[in-house]
Amino acid sequence: MEIRDVIIAPVITEKSMQDAALGRFTFKVEISANKPLIKSAIEKKFKVNVLKTFVSLVKGRTDRVGIRRAEIVKMPWKKATVKLAKD
């Protein structure tokens, strides 16, 4: 797996913005990625020093959309929060 395939997108929420002020950044990552792979991808892409990596699986869920209220299934995804060094 290449580095560009590991990090999918940043997660932009109120909580993640509060954590960013404290040096913790949240990303949506590939579901098969593990902690060492995520750490190396973040360090190489952004040229920072990662102290700790926190990983969690976000469950998929169903939503009802449209006039006919059809159900769509949102797939599960993996969220990684990395804590950076103070430099």
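**Stop 1: helix H2**

Select residues 14-21, which make up helix H2, and show the side chains of Lys 15 and Asp 19: they sit 4 residues apart in this helix, about one turn. Remember as you look that this is a predicted model. The two side chains meet in a salt bridge, with 3.5 Å from N to O. Now switch on a surface. Which of the two partners is buried, and which is exposed? Lys 15 is exposed, with a relative accessible area of 57%. Asp 19, in contrast, counts as buried because its relative accessible area is 14%, and the cut-off for buried is under 20%.

**Stop 2: the largest pocket**

Keep Lys 15 and Asp 19 selected and add Thr 26, Lys 79 and Thr 81; these residues lie nearest the centre of the largest pocket. Rolling a probe the size of a water molecule over the atoms shows where empty space is left. This pocket has a volume of about 190 Å³, and 13 residues line it.

Where does the lining come from? Colour H2, strand E2 (24-29), strand E3 (50-58) and strand E6 (77-84), the elements that each give two or more residues to the lining. If you colour the lining by class instead, you will find 4 nonpolar, 5 polar and 4 charged residues.

**Stop 3: the four-stranded sheet**

Next, hide the side chains and show the strands as ribbons. In what order do the 4 strands of the open sheet run? Reading across, the order is E1-E2-E6-E3, with antiparallel pairing. Strand E1 (7-10) and E3 are the edge strands, each pairing on one side only. Look down the sheet and you can see that neighbouring strands are turned against each other by 30° on average, direction ignored.

Now zoom in on E6, beginning with its E3 side. E3 and E6 run antiparallel and are joined by 8 bridges. Select Leu 57 and then Lys 78, its bridge partner in E6. Move to Val 58, and you will find Trp 77 of E6 standing opposite. In a regular strand the side chains alternate between the two faces of the sheet.

Swing across to E2, which is joined to E6 by 6 bridges, again in antiparallel fashion. A pair to pick here is Arg 24 with Lys 83, its bridge partner in E6.

**Stop 4: helix H3 and the loop after it**

Select residues 35-46 to light up helix H3, where Lys 35 has its place. Lys 35 is partly exposed, at a relative accessible area of 45%. Draw a distance from the C-alpha of Lys 35 to the C-alpha of Ala 80: the two are 8.4 Å apart in space, although 45 residues separate them in sequence.

Step on to Lys 47, in the loop between H3 and E3. Its phi is near 55°, a positive value in a residue other than glycine. Lys 47 is also exposed, with a relative accessible area of 72%.

**Stop 5: the E4-E5 hairpin**

Select E4 and E5, an antiparallel pair joined by 5 bridges. Val 65 has Ala 70 as its bridge partner in E5. The hairpin has 4 residues between the strands, and in it Gly 66 takes a positive phi near 80°. Arg 69, in the loop between E4 and E5, has a positive phi of about 55° although it is not a glycine. On the surface view, Arg 69 counts as partly exposed, at 43% relative accessibility.

Now show the side chains of Lys 74 and Asp 63, which meet in a salt bridge with 3.0 Å from N to O. This pair links distant parts of the chain, 11 residues apart: Lys 74 is in strand E5 (residues 70-74) and Asp 63 in strand E4 (residues 61-65). Lys 74 is partly exposed, at 36% relative accessibility.

**Stop 6: the start of the chain**

For the last stop, select Glu 2, Arg 4 and Asp 5, which are linked in a network of salt bridges. Within this network, the side chains of Glu 2 and Arg 4 meet at 3.2 Å, N to O. How open are these two partners? Glu 2 counts as partly exposed, at 44% relative accessibility, while Arg 4 is exposed, with a relative accessible area of 59%.

How many salt bridges does the whole structure hold? A search finds 6, including the Lys 15 and Asp 19 pair from the opening stop.

Methods. Residues numbered from 1 in each chain as written. Predicted model: local features only at pLDDT ≥ 70, side-chain atom pairs only at ≥ 80, totals over all residues. Heavy atoms only, no water. Salt bridge = Lys/Arg side-chain N within 4 Å of Asp/Glu carboxyl O. Buried < 20%, exposed > 50% of the residue type's maximum accessible area, 1.4 Å probe, protein only. 1 Å grid on protein atoms, 1.4 Å probe; cavity = no way out; pocket = protein on both sides within 12 Å on 5 of 7 lines; lining within 4 Å. Points joined across faces, edges and corners; volume = space filled by probe spheres on them. Nonpolar A, V, L, I, M, F, W, Y, C, P; charged D, E, K, R; others polar. Pairing = 2+ DSSP bridges. Axes fitted to C-alpha atoms, helices over the stretch in contact; angles between N-to-C directions.
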